[in-house]
Amino acid sequence: MAMATKEIWFLTGSQNLYGEETLRQVAEQSQKVVEQISSGLAAPVAIVWKPVVKTTDEIKSMLVAATASDSCVGVITWMHTFSPAKMWINGLEALKKPMLHLHTQAGQSLPWATIDMDFMNLNQAAHGDREYAHILSRMDVARKVVVGFPTDPRVQREVDSFAWATIGWDKSQHLKVARFGDNMRFVAVTDGDKVAAQITFGMSIEQLSVNTLADAVLAVSDSDADDLCEIYEAEYQVAPELCSGGDRYESLQYGAKIEIALRSILEAGGYSAFTSNFEDLGTLRQLPGLAVQRLMADGYGFAGEGDWKTAAMVAIVKAMTPSGGGTSFMEDYTYHFGPGTPKVLGAHMLEVCPSISGEKPSIEIHPLGIGGKEDPVRMVFTGKPSQGRVLCLTDMGSRFRIISNEIQIVEPTEDLPNLPVARAVWEPEPSLPISAEAWMLAGGSHHTVLTNSVSQETLEDFARIASVELVEINSTTTSKGLRKELQWSSAYHRLVNRSV
Ligand code: MN
């Protein structure tokens, strides 16, 4: 799932009026800006300088090419000189890639003592970018605006956030979600409009029979499963009863067969997210637990009970998660109201990603108490303390809404010796009572994506690119303010009324 081959095109606007010598300097200096801005980039994407565009036709050709390119995930635009904005209209009509407008200069400081009319002729971004931004606003082109010198760490961080968001957006555009079974019966928030999801996010939500998986599991050989079990024993703390030669080794072997079968179906179909539903397991003998956890650790999106929206968001957020960071499917499960700071205990039946773990996971087997199948194997661990967020994607009927809550993941107050599932404990901002009230007022789901790495800014950039509402719950949230925001936002979206 490496994305290092992706590009953000850096486009510099000008016009022929200036003559060859000035345009040569525009080209050189814009290449220097690309070098400077690239030096602060952590996202696995290359900023690629493109020849200066100077006419309506050149601009349109470039933006059409950016739109058509599979490797181009976004564009950065800068008007070093004046580039009359009527020249941009035709191209902007064709552009379908995320845009960042970088409002910068070739020089950080004014050369007060030496500044002359040649300098003034070349360094015009202060008004050139304003002319350009006028047409962006008039045409309602969604974009991020970053202002400042390209070596400024704040500027570099803002560009980097955007770059991560373009990777998430590119992931979303090509995302295929495999659903083994439908949504859990009667559940509202996990359902939604799959056609609207494809129109809005590009993602394709596809149904596969669970017996496709069950049949594939049967076809996996014992020896292939044994090889994978050896890897489990090397990488995790496997319970003695599940180890090779142990009483319940066959259950681990069956879990390995699920992983091998699932992985091959997902790879063959080009799926990078999937769902299961414990109500519809066909002839599968166990609810997939360990297999799901291992696949999530490799970057696959997942959610339980047919929840394709959360599965998709797990995949998208994982694409925006730097290596070493953690992102998982999660569910608000139960509360600690006190004593001490109120906390949420998050878990799922089995399926939490070990990328958020602070320890070497153990592999264990225990009864599930739901679904009527054999005891499933699963990894057990506790999420490592860090700052993070939980977020969800909801279908509000006429549009989608992303809700994000900043959280502090903490050590559990006490050991949890009788809880045989992976879990995380957190304190939501600004407090559990306000967070939960705000989340429920916004209609957020019980299923979430938990990440300890993706920044608020990247999430904001992603939502802007998608033209989807983002409700943020953080340390500044108040109940009164949030209610007003939801009312205004609802009115706004009714006025905009994008058809999905
Ligand atoms: Mn659930």
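**A tour from a surface patch to an enclosed strand**

Start by selecting Leu 110, which sits in the loop between β4 (99-103) and α4 (117-122). Keep in mind along the way that this is a predicted model. Leu 110 is partly exposed, and its relative accessible area is 39%.

Now add Trp 112, Ile 115, Met 117 and Met 120 to your selection. Together with Leu 110, these residues make up a nonpolar patch on the surface, and their combined accessible area is about 580 Å².

For a contrasting stop, move to strand β12, residues 343-347. Here 5 of the 5 residues are buried, so the rest of the structure largely encloses the strand. Show the side chains and look along both faces. In a regular strand, side chains alternate between the two faces of the sheet. In β12, Lys 343, Leu 345 and Ala 347 point one way, while Val 344 and Gly 346 point the other. Lys 343 is buried along with the others.

Next, bring in the neighbours of β12. Select strand β11, residues 327-336, which pairs with β12 in the antiparallel sense over 4 bridges. To find the register, centre on Asp 332, which stands opposite Gly 346 of β12. Then follow the chain through the turn: β11 and β12 form a hairpin with 6 residues between them. Pause at Gly 338 in that turn, where phi is positive at about 145°.

Finish with strand β17, residues 423-428, which runs antiparallel to β12 and is joined to it by 4 bridges. Which residue of β17 is the bridge partner of Leu 345? Select Val 425 and you have the pair.

How values were computed: Residues are numbered from 1 along each chain as its sequence is written. This is a predicted model: local features need pLDDT of at least 70, side-chain atom pairs count only at pLDDT 80 or more; totals for chains, interfaces and linings use all residues. Side-chain values use heavy atoms; hydrogens and water are left out. Patches are made of residues with over 30% relative accessible area and no salt bridge: like charges are joined within 9 Å, nonpolar side chains (Val, Leu, Ile, Met, Phe, Trp, Tyr) within 5 Å. Accessible areas come from the Shrake-Rupley method with a 1.4 Å probe; for residues, only the protein chains shown count as cover. A salt bridge is a side-chain nitrogen of Lys or Arg within 4 Å of a carboxyl oxygen of Asp or Glu. Helices (H or I, at least four residues) and strands (E, at least two) are DSSP runs, numbered from the N terminus. Buried means under 20% relative accessible area, exposed over 50%, partly exposed in between (1.4 Å probe, protein chains only). Two strands pair if DSSP finds at least two bridges between them.
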